[in-house]
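I opened my notebook to write down what I looked up, one element after another. The entries below follow the order in which I went through them.

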Amino acid sequence: MSLGDEPGYGDASRGEDGGYGGSGQTRTRLPDRPGDVYGGARRGRGSSSRSLITVVGVVVLLIAAIAFANRGDSTSPSGDGAGDKAKTSPTTASGEHPVKSKVAGIPSGFAHTGEGAQSAAANYAVALGSADMFNKPSRDQILATVITPSRVAALEATLDKAYTPQFNKNVGLNEDGSAPQGYTFVSRTSPIGTKTTESSNDKATVEVWCGGLLGLAGQNSTNPVTSSWFTITMKLEWTGGDWKIVTHSQKDGPAPVPGDDRASSADDIAKAVEEYGGFTYAR
């Protein structure tokens with residue numbers, strides 16, 4: 001459902017107009033050999049995709065929850081041609097550092113420009129997808145940082161009803177959202193690129209193309225870490241001297257053809273998550 005050393009902001013809850021998660025369910029790929037979740041089965045390009053029931057349940061639950069919180073706001077800010085510009089804009093970073101400060105570990109203080117809105121959206125996508133979203137104190141801190149003030153209370157209440165002890169157990173976590181002993185919970189979102197589709201002086205609609213990781217790394221995990229591709233659409237507004245999210249939704253893809261990489265061991269995945277920090281993203 002968790003985009004400096006940020007803790008892999010990536011979320012279990014990820015179509016269009018459906019809140020953070022949308023109508024498309026997260027699809028996961030497992031190694032072909034039963035009983036060898038991480039043990040080196042090669043995933044051929046022609047192998048079939050399989051869905052983890054628990055992960056699908058998580059996605060469906062949060063789709064409904066956040067769609068409810070965001071319902072009634074389907075309007076888009078008027079455009080100024082930024083969408084056309086995005087078609088030919090470079091995919092490399094601008095070279096300007098996006099921010100000089102952080103709030104609750106999340107980059108903040110973005111420029112009041114189209115580029116600033118894209119940088120904000122990329123970093124907020126990471127935050128909303130982090131493992132910290134499964135713990136109420138840290139989740140509330142994230143929401144207070146990235147969501148526009150008028151929407152925070154309603155979204156907090158909605159997510160409190162979604163992230164229940166049973167919900168956490170369904171994902172394979174302890175009731176308080178922590179990982180069981182001997183396991184590492186992985187929830188990371190990595191922005192691949194951004195584009196502005198609509199904008200005005202104080203509003204912007206930004207799409208963020210992302211890759212994500214989700215699951216429990218451990219020798220006997222029944223929910224192994226899997227990857228997914230999705231695009232998050234955020235409607236942002238300039239308030240309090242920064243860009244904040246008004247609404248956000250998600251759809252599947254674009255997804256590349258799966259490679260023929262050998263699946264890493266559970267220990268390698270857990271070690272990588274602990275050793276490799278996150279980034280501050282810039283357009």
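In which helix is Pro149 found? I looked it up, keeping in mind that this is a predicted model, and found Pro149 in helix 5. I then checked its accessibility and noted that Pro149 has a relative accessibility of 58%, so it counts as exposed, the cut-off for that being over 50%. I also noted a pair that is far apart in the chain: Pro149 and Lys244 are separated by 95 residues in sequence, while their C-alpha atoms lie 8.3 Å apart in space.

Next I turned to the helix that packs against this one. Two packed helices are described by the angle between their axes and by the distance between those axes, so I looked for both values. For helix 4 (residues 136–146) and helix 5 (residues 149–162), I found that the axes come within 10 Å and cross at roughly 150 degrees. Because angles over 145 degrees count as roughly antiparallel, I wrote down helix 4 as roughly antiparallel to helix 5. I added that the crossing of helix 4 past helix 5 is right-handed.

Which residues of the two helices meet? On the side of helix 4 I listed Lys136, Arg139, Asp140, Leu143 and Ala144, and on the side of helix 5 I listed Val152, Leu155, Glu156, Leu159 and Asp160. When I sorted the residues of this contact by kind, I got 5 nonpolar, 5 charged and no polar ones.

From that list I picked Arg139, which is found in helix 4, and asked myself whether it is buried or exposed. Its relative accessible area is 2%, and since buried means under 20%, I recorded Arg139 as buried. Leaving aside neighbours within four places in sequence, I found Arg139 in contact with Asp132, Met133, Phe134, Leu159, Asp160 and Tyr163.

My last entry concerns the strands. Strand 3 (residues 184–199) pairs with strand 4 in the antiparallel sense, and I noted 14 bridges between them. A hairpin of 3 residues joins strand 3 to strand 4, and along this pairing I found Ser190 opposite Gly211 in strand 4. Strand 4 also runs antiparallel to strand 5 (residues 226–239), to which 12 bridges join it, and here I found Ala204 opposite Leu236 in strand 5.

Why is strand 4 (residues 203–217) largely enclosed by the rest of the structure? I concluded that strand 4 is largely enclosed because 12 of its 15 residues are buried.

How values were computed: Residues are numbered from 1 along each chain as its sequence is written. This is a predicted model: local features need pLDDT of at least 70, side-chain atom pairs count only at pLDDT 80 or more; totals for chains, interfaces and linings use all residues. Side-chain values use heavy atoms; hydrogens and water are left out. Buried means under 20% relative accessible area, exposed over 50%, partly exposed in between (1.4 Å probe, protein chains only). Helices (H or I, at least four residues) and strands (E, at least two) are DSSP runs, numbered from the N terminus. Two strands pair if DSSP finds at least two bridges between them. Axes are lines fitted to C-alpha atoms, for helices over the stretch in contact, and angles run from 0 to 180 degrees between N-to-C directions. Angles under 35 degrees count as roughly parallel, over 145 as roughly antiparallel, 65 to 115 as roughly perpendicular and the rest as oblique. A crossing is left-handed if the near helix is turned anticlockwise from the far one by less than a right angle, and right-handed if clockwise. Contact means heavy atoms within 4.5 Å. Ala, Val, Leu, Ile, Met, Phe, Trp, Tyr, Cys and Pro count as nonpolar, Asp, Glu, Lys and Arg as charged, and the others, Gly among them, as polar.
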